[in-house]
Amino acid sequence: MSASRRSGATDELGPDKPERDGPINEDTEDIEGTVNTEDTEGTEGSTDSADSGGSDLLAALLDGMDAALCAFDADGVVTHWNREAERILGWSAEEAVGRRGFAGWAVRTADAEEVEGRLMAAMHASGRQVHEFALVTKDGGRVLVRTQSAAVRGPDGKPVGLYCAFSEVHTQIDLERSIALSEALFEDASWGVVLVDADLRPAVVNAHAARALGIGRTAVLGRPIGELLAQGAEELESALTHVLAEGAPPAPAEIWVGVRTPDGEKRRCWRSGFLRLASPLAEEPVPLGVGWLFQDITESKQTEQEAAQLRFRVNQLHRAARAAAECEDPGEAATVHLDFALAGFADHALIDRVAGGSMADGEGPARLVRAAATPSGRPGPSHLAGHAGIPVRYGPGHPALQCVERAGSVRASAGTAAPETAREWATGRQWPPETVHALCAVLRSRGRTLGVVTFLRGAGRTPFERADAVYAEDIAIHIAAALDLEALERSSE
């Protein structure tokens, strides 16, 4: 039953059941005068049952509310008081219902007139009135509450009372902050925010995320992740599934994805945080989906990777120089530089020397003899070759010959050719069949061209870039110095 029924008080609707033996006024006779009390016991029982059921429903609704609620009749007497009101102030429904106003128990006497005046004014105002009051708890403490009051009107439209819903101010402020935060995240946030449902489909997307995905906000909704990303969808879906099952990870994750743009596919790195969303209305957490927040860190990540790569390559050059300094044979020192250069840089490498030892600038077409090579098909140290002095069968326009002619680096690639076409491209240039990308750097010492060093990559690696060419040129300087020293030693013998 409602709080008013439990306490025995009555509201504007009258008592639960009219007293049979009590006085009957004229209004009651008009409604009930035709009822034969001797012949309607069954009817009366059904009426009591319906009234009891309605009262129980009203009591359940009131007590199940998240907000505290009390109601007053036209004279300011408390008629309803739910459990949340009892929790906040400590006064039970039996203690509250039937009291006139808040004076002396829920409000300090000095504040009672002002508080009651502002509350009761809601009966004669249109809409809801919002106020903040300091109420008194049963144990004597004070709590600041925010109230929403509105008139309760009868069938004739005249006010017959009012209701007052209230909550602690800090609770209300927390709610408002949560709402403001969610609105800001989905409108003004400088990072992407996506709410993903339990089926791993975007349900809400903010403007920043839509721009990052290269698609409109409404066009994203309900589509599988795989349709939104060209690469990285599997990794992202795996992360979302893990969060739904296990909860949020302890730290952000960096995910590389491929995004489709009008200019083609672009590779991006998104630092992503995940939150599992659960319904606050359920007794046990019911997963509603995942909150995914991400920020594009591609530029900083690339800068970080380039710095790490540069440190590694400088370290490799230093280690190679120290190891080569211990070699008695200059030819062996050249292969040491070649072996150290391969780590993280290429799959195979070749050293071709100019037939006759060297050539000056402007001399005729060069003939190249294989001087050293890394083993093809299996890892291992490079070995010296070309003792017979037979020139390598390079055709016209070969990248190694172009490198000698230009005295500069040359890059070549099979691109996106089919595997069989790429194999023919490699074998036609006298390279291992699995070669897809090549970089040739000229070997020069004392103003003369000594040969070419060629680095080769397979299909699992990216094409050589300008930074790779600079590194290859640094390696070529050391190799050329070793080969020049070897030639000097032979000529002096």
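Two strands pair if DSSP finds at least two bridges between them. Strands (E, at least two residues) and helices (H or I, at least four) are DSSP runs, numbered from the N terminus. The model is predicted: local features need pLDDT of at least 70 and side-chain atom pairs count only at pLDDT 80 or more, while totals for chains, interfaces and linings use all residues. Residues are numbered from 1 along each chain as its sequence is written, and side-chain values use heavy atoms, with hydrogens and water left out.

**View A. An open sheet of five strands, with antiparallel pairing.** The strand order is 7-6-10-9-8. Strand 7 (202-205) and strand 8 (253-261) are the edges, each pairing on one side only. From one strand to the next, the twist averages 35°; for angles, axes are lines fitted to C-alpha atoms (for helices over the stretch in contact), and values run from 0 to 180 degrees between N-to-C directions. Nine bridges join strand 9 (residues 264-278) to strand 10 (residues 287-296) in the antiparallel sense. Within strand 10, Val290 stands opposite Arg276. Helix 12 packs on the sheet and touches strand 8, strand 9 and strand 10, contact meaning heavy atoms within 4.5 Å. The direction of helix 12 makes about 115° with that of strand 8.

**View B. The largest nonpolar core, with 31 residues.** A nonpolar core is a set of buried Ala, Val, Leu, Ile, Met, Phe, Trp, Tyr and Cys residues joined through side-chain atoms within 4.5 Å. Buried means under 20% relative accessible area, exposed over 50%, and partly exposed in between (1.4 Å probe, protein chains only). The members that touch the most others are Phe345, Ile351, Leu443, Val453, Phe455 and Ile479. At least two residues each come from helix 12 (298-324), helix 13 (330-342), strand 11 (348-354), strand 12 (368-373), strand 15 (437-445), strand 16 (448-457) and helix 16 (466-492). Helix 16 gives the largest share, nine residues. Another core, of 28 residues, lies apart from this one and includes Phe102, Trp105, Phe133 and Leu135. In soluble globular proteins, nonpolar side chains tend to be buried together.

**View C. Surroundings of Phe345 and two salt bridges.** Beyond neighbours within four places in sequence, the contacts of Phe345 include Arg313, Leu439, Phe455, Arg457, Arg461, Phe464, Asp468 and Tyr471. A salt bridge is a side-chain nitrogen of Lys or Arg within 4 Å of a carboxyl oxygen of Asp or Glu. Asp347 and Arg461 form one, with the closest N and O atoms 2.8 Å apart. Asp347 is in the loop between helix 13 and strand 11 and Arg461 in the loop between strand 16 and helix 16, so this pair ties together parts 114 residues apart in sequence. Both are partly exposed, Asp347 at 34% relative accessibility and Arg461 at 30%. Arg457 and Asp468 also meet in a salt bridge (3.6 Å, N to O), and both of these residues are buried.

**View D. The salt bridge between Glu95 and Lys138.** The N to O distance is 2.8 Å. Glu95 belongs to helix 5 (residues 93-96) and Lys138 to the loop between strand 3 (129-136) and strand 4 (142-153), so the pair ties together parts that are 43 residues apart in sequence. Glu95 has a relative accessible area of 27% and is partly exposed; Lys138 is partly exposed at 46%. The structure holds 19 salt bridges.

**View E. Arg353 in strand 11.** Arg353 is buried, at 13% relative accessible area. Its side chain is joined to that of Glu486 by a polar contact of 3.1 Å; a polar contact is a pair of N or O atoms within 3.5 Å, where, within protein, one must be able to donate a hydrogen and the other to accept it, and residues adjacent in sequence count only if both atoms are side-chain atoms. Leaving out residues up to four places away in sequence, Arg353 also touches others, including Arg367, Leu450, Leu483 and Arg490.

**View F. Helix 14 (residues 399-406) and its buried residues.** Pro399, Ala400, Leu401, Cys403 and Val404 are buried. These residues pack against strand 12, strand 14 (410-413), strand 15 and strand 16. Just after helix 14, Ala407 takes a positive phi of about 55°.
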